[in-house]
Amino acid sequence: MDLFSRSWTALRTAVAEIPDEDFEQPSGCTGWLVRDLVCHLVIGAQDVLITLVTPAETEPTMDAVTYWAPAEPGEGPPDELIPRLAAAYGEPRWLKFHFDDVGAAAGRAAELADPGARVSTQGEVLTVGDYLSAYVLEWTLHHLDLIAHLPPAAEPPAETLAATRATLEKIAGTPFPASFSDKDALLISTGRRPPTAAEKAELGPLSAKLPLTLG
């Protein structure tokens, strides 16, 4: 729960500090501008709010790691939807306002939620604790995407980078090389940047499994 709040607060702060003119810069998500990514984050905050008020009575069907099983083809919104929604805001200040408004509500809802309660999302059941832990990965990776072409900018908190690395290692089924920084481990394992020749040699057989496909 604490890691969710830290990752989310850091990401909201990063968005608030982006100059309006930089909303037209590319993000670390292929094909998306910064404004498109922020629009995606609005939808993510809405999903958190919806899920936290959708209780479930049955046993959990997934946890914070299995939540990230690869998505089936055709799942999720069409690729062109997010850029269209983002463009509809017009000025960046309106997108910033909506993100801050919904984002603050999602943060408060997470703080008030019972970690042991069960919630339903996308036809699956998780504990609130596992659901919010899964989102630490989402927020941390997207924080890196947000600032990918906007130096200098504050990076995600060290503890959320470490937690996301641990989750990705569980998904991969093996640790990443100890010589990799947490940030580099995240970028390489998810295909956000290719490994150098030396890094690929250190990865060994694991390099054949990369990049990881996340649902």
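Here are some questions and answers about a predicted model.

Q: What ground rules apply to the numbering and the atoms?
A: Residues count from 1 along each chain as its sequence is written, and side-chain values use heavy atoms, with hydrogens and water left out. Since the model is predicted, local features need pLDDT of at least 70 and side-chain atom pairs count only at pLDDT 80 or more, while totals for chains, interfaces and linings use all residues.

Q: How far does helix α5 reach from its first C-alpha to its last?
A: Helices here are DSSP runs of H or I with at least four residues, strands are E runs of at least two, and both are numbered from the N terminus. The expected span of a helix is 1.5 Å times one less than its number of residues. For the 19 residues of α5 (128–146) that gives 27 Å, and the model comes close to it, at 26 Å.

Q: How many residues of α5 are buried?
A: Buried means under 20% relative accessible area, exposed means over 50%, and partly exposed sits in between (1.4 Å probe, protein chains only). On that scale α5 is mostly covered, and the count of buried residues is 17 of 19.

Q: Which element gives the largest share of the largest nonpolar core?
A: A nonpolar core is a set of buried Ala, Val, Leu, Ile, Met, Phe, Trp, Tyr and Cys residues joined through side-chain atoms within 4.5 Å. The largest one has 58 residues, and Phe-4, Tyr-131 and Leu-146 touch the most other members. Helices α1 (2–16), α2 (34–52), α3 (81–88), α4 (92–112), α5, α6 and α7 each supply at least two residues. The largest share, 11 residues, comes from α5.

Q: Which residues does Leu-146 touch, not counting residues up to four places away in sequence?
A: Contact means heavy atoms within 4.5 Å. With those sequence neighbours not counted, the list for Leu-146 is Leu-11, Ala-14, Val-15, Ile-18, Val-34, Leu-37 and Val-38.

Q: Leu-52 and Val-128 are 76 residues apart along the chain, so what separates their C-alpha atoms in space?
A: Leu-52 lies in helix α2 and is buried, with a relative accessible area of 16%. Leaving aside neighbours within four places in sequence, Leu-52 is in contact with residues including Val-119, Val-128, Tyr-131 and Leu-132. The C-alpha separation of Leu-52 and Val-128 is 7.3 Å.

Q: Is Thr-164 buried or exposed?
A: Thr-164 is found in helix α6. Leaving aside neighbours within four places in sequence, Thr-164 is in contact with Val-136, Leu-137, Thr-140, Leu-141 and Leu-186. With a relative accessible area of 1%, Thr-164 is buried.

Q: Which helices do the buried residues of α6 pack against?
A: The 15 residues of α6 should span 21 Å at 1.5 Å a residue, and the end C-alpha atoms agree, at 21 Å apart. Among the buried residues of α6 are Thr-160, Leu-161, Thr-164 and Leu-168. The buried residues of α6 pack against α1, α5 and α7.

Q: Which residues does Pro-156 touch, not counting residues up to four places away in sequence?
A: Pro-156 lies in the loop between α5 and α6 (158–172), and is buried at a relative accessible area of 6%. With those sequence neighbours not counted, the contacts are Thr-140, His-143, Leu-144 and Leu-161.

Q: Which elements give two or more residues to the lining of the second largest pocket?
A: A pocket, on a 1 Å grid over the protein atoms alone, is an open set of points where a 1.4 Å probe fits, with protein on both sides within 12 Å along at least five of seven lines; lining residues have an atom within 4 Å of a point. This one holds about 210 Å³ of space, and of its 15 lining residues, the closest to its centre are Leu-144, Ile-147, Ala-148, Lys-183 and Leu-187. The elements asked for are α5 and α7 (182–189).

Q: What is phi of Gln-122?
A: Most residues other than glycine have a negative phi. Gln-122, in the loop between β1 (118–121) and β2 (124–127), counts as exposed at 69% relative accessibility. Its phi is positive, near 50 degrees.

Q: What is omega for the cis peptide bond from Pro-151 to Pro-152?
A: Most peptide bonds are trans. Pro-152 lies in the loop between α5 and α6, and the bond from Pro-151 to Pro-152 is cis, with omega near -10 degrees.

Key: Grid points are joined across faces, edges and corners, and a volume is the space filled by probe spheres set on the points.
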